[in-house]
Amino acid sequence: MEEPTSRFDEDSTLRSRLEADPEPALRWAAVMAALALVQIGSLLGGLLSILDAAVVGVTAIFDVLFGLVGLTGASAAVVDVQSALSGAVTTARDAAEGLPTLLSRETIPNQGHLASADGPWVDTFLGLEPALAWAVRVLLIVGYSLFTFYWLFRGWLVFRAHYRQADWTPTDDMIDRLRDHRWGQFGIFVLALFLIMALFGPALGPTTVSQNIVSPYSHEVTYFNADAGAVETVAAGDANFNSKSKGAGDQNVGPMTYDNFNRFHPFGTLPNGRDLFTFMMGGARITLIVAGLAIGLSALIAGGLAMVSAFYGGNIDLTLLTTADGIVSVPRLLLLIMISAIFANHWLAGVLDGGFLLALIFAFTGWPFLWRAVRGPALQVAQEEWVDAAESFGQPPRTIMRKHMFPYITGYLLVYASMSTGGIIVGLAALSFLGNGLGITPPTPAWGRAVSLGQSYVSGPSWHISFIPGAMIVVLVTGLNALGDGIRDAIDPESAGGDDDEAAAGGGA
Amino acid sequence: MSQATQRHDDTDEETLIEVRNLEKYYGDDGMFSPPPVKAVDGVDLDIKRGETFGLVGESGSGKSTLGRTLLRLEQATSGTVSFDGTDITTLEGSDLKRWRRNAQIVFQDPESSLNDRMTVGEIVREPLDAHDKGTERERRKRVMDLLSRVGLREEHYYRYPHQFSGGQRQRVGIARALALEPEFVVLDEPVSALDVSVQAKIITLLEDLQEEFDLTYLFIAHDLSVVRHICDRVAVMYLGKIMEVGETEELYEDPVNPYTKSLLSAIPRPDPTDESERTTLPGTPPSPRDPPQGCQFSTRCPAKIRPEGFEEVSEETWDAIERFREIVRERTRVELGTVDRVKRRAGLFSKYDDIDEAVKDLFDGVERPPVVDDHLTYAVEQVKAGHPQDARERLHEAFGSVCDRERPAHHQVGDRGRESYCHRHREEYDDVESAIRR
Ligand code: SF4
């Protein structure tokens with residue numbers, strides 16, 4: 001054991017430790033500041049979007065609660081507060097997004113047109129052709145984001161090496177094991193990629209959701225018309241109309257090709273002529289928000305109830321068991337369809353284009369699976385003597401659960417949550433695939449809808465419409481499973497160790 | 001206990017904890033549940049201020065449950081525990097929380113007793129936090145102080161339990177138990193999970209701390225030699241009942257209860273020339289769900305009283321009979337499936353035919369005088385027909401003595417507050433010593 005007295009001082013605070021040895025922290029902070037500054041506009045915009053979603057979410061919960069207890073007046077007031085707050089946040093966000101951002105479509109534009117039949121390209125970044133300009137931007141954004149993720153992790157390493165008072169914590173071992181876990185890292189990488197898509201979606205697409213998908217007739221496209229031999233302007237909607245992918249040779253814009261309007265389509269177009277890549281990026285955002293909300297809520301409910309089950313046992317556990325079984329016994333898809341139908345005209349169905357309601361439904365139908373998975377670990381930790389110890393000095397049950405049980409089940413919760421997120425994503429896609437008022441409301445992009453739109457062209461030249469979204473779903477779900485495996489191996493290097501503990505806890509008179 | 005007042009060491013001060021008729025049953029809620037486990041089955045105890053009171057017993061004797069019930073980690077089924085005059089079995093809410101400061105526990109397993117996601121400092125500080133003792137700074141100081149009192153160093157504050165050995169972890173557990181300055185500490189087998197070399201150090205530490213903080217200990221153990229070393233008085237527990245209680249030396253030198261005798265003779269004696277007979281404990285304790293109706297120890301007791309009319313039966317035969325009864329009792333605990341019940345009705349039951357085999361083994365070379373033979377034959381028939389309960393009752397009728405039928409009383413023995421739970425202390429029976437020697 002190395003002698004840590006130099007770092008040991010019973011009254012030292014993080015601040016005093018920082019002052020004593022500021023150099024590593026400063027070095028890290030300088031890089032971090034540079035990284036933040038470069039993207040200040042979109043960073044603030046992103047944060048404010050999250051804030052907006054939070055405001056909507058929290059107020060929606062209050063609204064539903066008030067509605068349940070019959071306080072219609074209060075519920076209306078909540079809606080007012082919500083729209084006021086949300087409006088303010090949106091204004092701030094628009095302002096923030098006006099700030100200069102290095103890796104944006106404005107600084108590296110890819111939407112340009114040919115000046116004549118053989119060039120040059122006008123309005124694109126450095127006069128590159130749109131495909132290249134787009135590729136440069138995508139690479140920069142992905143590179144930037146991955147590096148930023150890494151740098152945040154690096155920050156923790158710096159803290160651990162220089163400023164933390166404990167020279168070792170159990171978390172260190174977990175992180176170190178994850179650092180050697182290639183499959184788990186693949187999962188992290190995949191999740192990071194999709195997070196990047198969700199965060200920077202608007203900057204990643206060759207065009208934007210609003211230009212190309214939501215209101216194509218209020219935006220114009222300038223292009224070189226080969227037939228007329230001149231540069232012309234056309235509404236994006238009309239351009240879409242003539243860029244459809246419908247499986248026939250003359251009606252197909254495949255992946256990595258240009259349409260007749262000088263627009264580049266990395267993933268080709270949809271049967272209605274919209275850009276599939278942009279559509280997928282928009283879909284990523286809504287998918288991750290809904291899946292994240294759903295799994296977060298599920299995990300919260302499941303974790304809380306699992307601890308209650310394990311701590312009190314007996315009849316409470318039995319009641320939960322019955323409830324969970326009841327929920328599980330109803331086919332999930334059926335429940336989703338029913339609830340969606342009931343709430344079809346409720347304003348709640350409008351929040352996040354229907355995604356919020358879906359998230360709630362997924363959460364309330366999904367927690368029993370998670371609860372079952374973590375009830376075992378919770379029961380095991382409830383047997384530990386440190387729980388008795390806490391009780392013996394009068395710690396209230398809530399504190400015991402939070403301090404002495406929760407840290408032991410978070411790992412398992414993470415494992416099972418990341419694995420069941422796949423199910424939610426597939427379920428979400430399935431709903432959008434079915435359509436008919438289910439799933440995310442069109443025209444907001446949803447992956448399932450893309451699969452559904454392309455299903456009649458699967459075996460023709462327009463195979464990309466169904467295949468690419470399908471493949472992306474598969475990759476994401478696989479990645480989440482890999483992540484789950486990684487976390488599992490990190491928290492529990494040899495699952496055999498757990499059995500001994502159990503035997504020890506069960507023994508003794 | 002008027003006799004005890006003549007003594008004048010610190011153990012005969014006032015009583016700190018008075019336990020009266022304490023019972024703790026498990027699993028008796030629900031109409032169709034099996035009979036409850038009587039983990040603690042009517043216990044009376046007095047623990048005096050400042051003493052170390054030992055509680056010994058085999059595993060399953062209910063000693064840990066008793067300790068936990070005294071601390072309100074388990075809710076007593078009935079009976080009272082008065083702590084300094086307050087009945088703590090009925091305390092609730094903030095009263096309970098306030099009382100908890102007075103009574104703490106050190107656990108057996110140092111692996112399981114410390115939350116290994118918290119630093120040692122946080123662990124020892126948690127009781128202080130829970131009771132809002134002093135300022136942040138004072139709490140830290142107090143923790144540092146406690147750590148050095150139990151033989152750890154201040155820089156261990158920011159280490160995690162994983163980084164410590166079993167003995168050190170146990171020290172942390174002790175520091176945590178002392179954080180709130182309790183009067184009473186339950187030591188639940190505090191050294192039995194540790195290496196022998198470490199055990200002595202921890203025991204010494206516990207003794208020093210007792211001296212320093214005027215602690216009262218309840219020392220729970222299955223290791224009799226440790227108890228002899230540290231305890232002022234000892235209670236021996238079996239199947240939820242205190243069999244014998246008394247001052248340590250006296251009890252060890254001259255045990256009067258058959259169970260205590262058996263238990264003590266099971267310790268390897270240092271002196272091989274000691275000619276006192278080793279009484280062995282035959283069999284295993286009966287299921288606590290189905291304890292004997294009379295004395296709890298009656299199924300294994302070497303001194304068990306014989307009923308009238310069997311004086312002539314030889315020792316071997318009687319032994320075989322007792323063991324046969326044990327086998328029949330075992331049979332009655334097996335639930336029969338539907339198929340077997342149908343077979344039993346149809347007279348085709350054959351599951352228990354192996355009883356013949358067992359009887360042959362038991363009575364091999366042992367005579368079966370006519371006084372016993374009828375009963376045995378009847379019992380064997382009943383078992384084979386699938387009615388072990390009938391057999392059990394018949395055997396109980398025929399061979400049951402006062403030990404099988406009646407719960408003994410706690411008899412005063414000697415003049416130093418010794419009590420023993422056994423019928424043999426009654427006038428009409430031979431005393432234990434001569435019964436065992438027979
Ligand atoms: S009462 Fe009978 S069975 Fe119980 S200890 Fe005394 S002699 Fe043995």
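**Exercise 1.** List the residues around the ligand in this predicted model, sort them by class, and state where the ligand sits.

*Solution.* Step 1: take every residue with a heavy atom within 4 Å of the ligand. This gives Pro258(B), Cys295(B), Ser298(B), Cys301(B), Ala303(B), Lys304(B), Cys403(B), Pro408(B), Cys422(B), His423(B) and Arg424(B).

Step 2: count Ala, Val, Leu, Ile, Met, Phe, Trp, Tyr, Cys and Pro as nonpolar, Asp, Glu, Lys and Arg as charged, and the others, Gly among them, as polar. The shell then has 7 nonpolar, 2 polar and 2 charged residues.

Step 3: the ligand sits in the largest cavity (a set of points on a 1 Å grid over the protein atoms alone where a 1.4 Å probe fits but cannot get out; sitting there requires more than half of the ligand atoms within 2 Å of its grid points).

Residues are numbered from 1 along each chain as its sequence is written, and chains are lettered from A and ligands numbered from 1 in the order in which they are written. In this predicted model, local features need pLDDT of at least 70, side-chain atom pairs count only at pLDDT 80 or more, totals for chains, interfaces and linings use all residues, and side-chain values use heavy atoms, with hydrogens and water left out.

**Exercise 2.** Locate the cis peptide bond at Pro443(A) and the positive phi of Arg72(B).

*Solution.* Step 1: the cis bond joins Pro442(A) to Pro443(A), with omega about 5°. Pro443(A) belongs to the loop between α15 (397-434) and α16 (447-454) of chain A (helices are DSSP runs of H or I, at least four residues; strands are runs of E, at least two; both are numbered from the N terminus).

Step 2: Arg72(B), not a glycine, has phi of about 65°. Its loop runs between α1 (63-70) and β4 (78-83) of chain B.

Methods. 1 Å grid on protein atoms, 1.4 Å probe; cavity = no way out; pocket = protein on both sides within 12 Å on 5 of 7 lines; lining within 4 Å.
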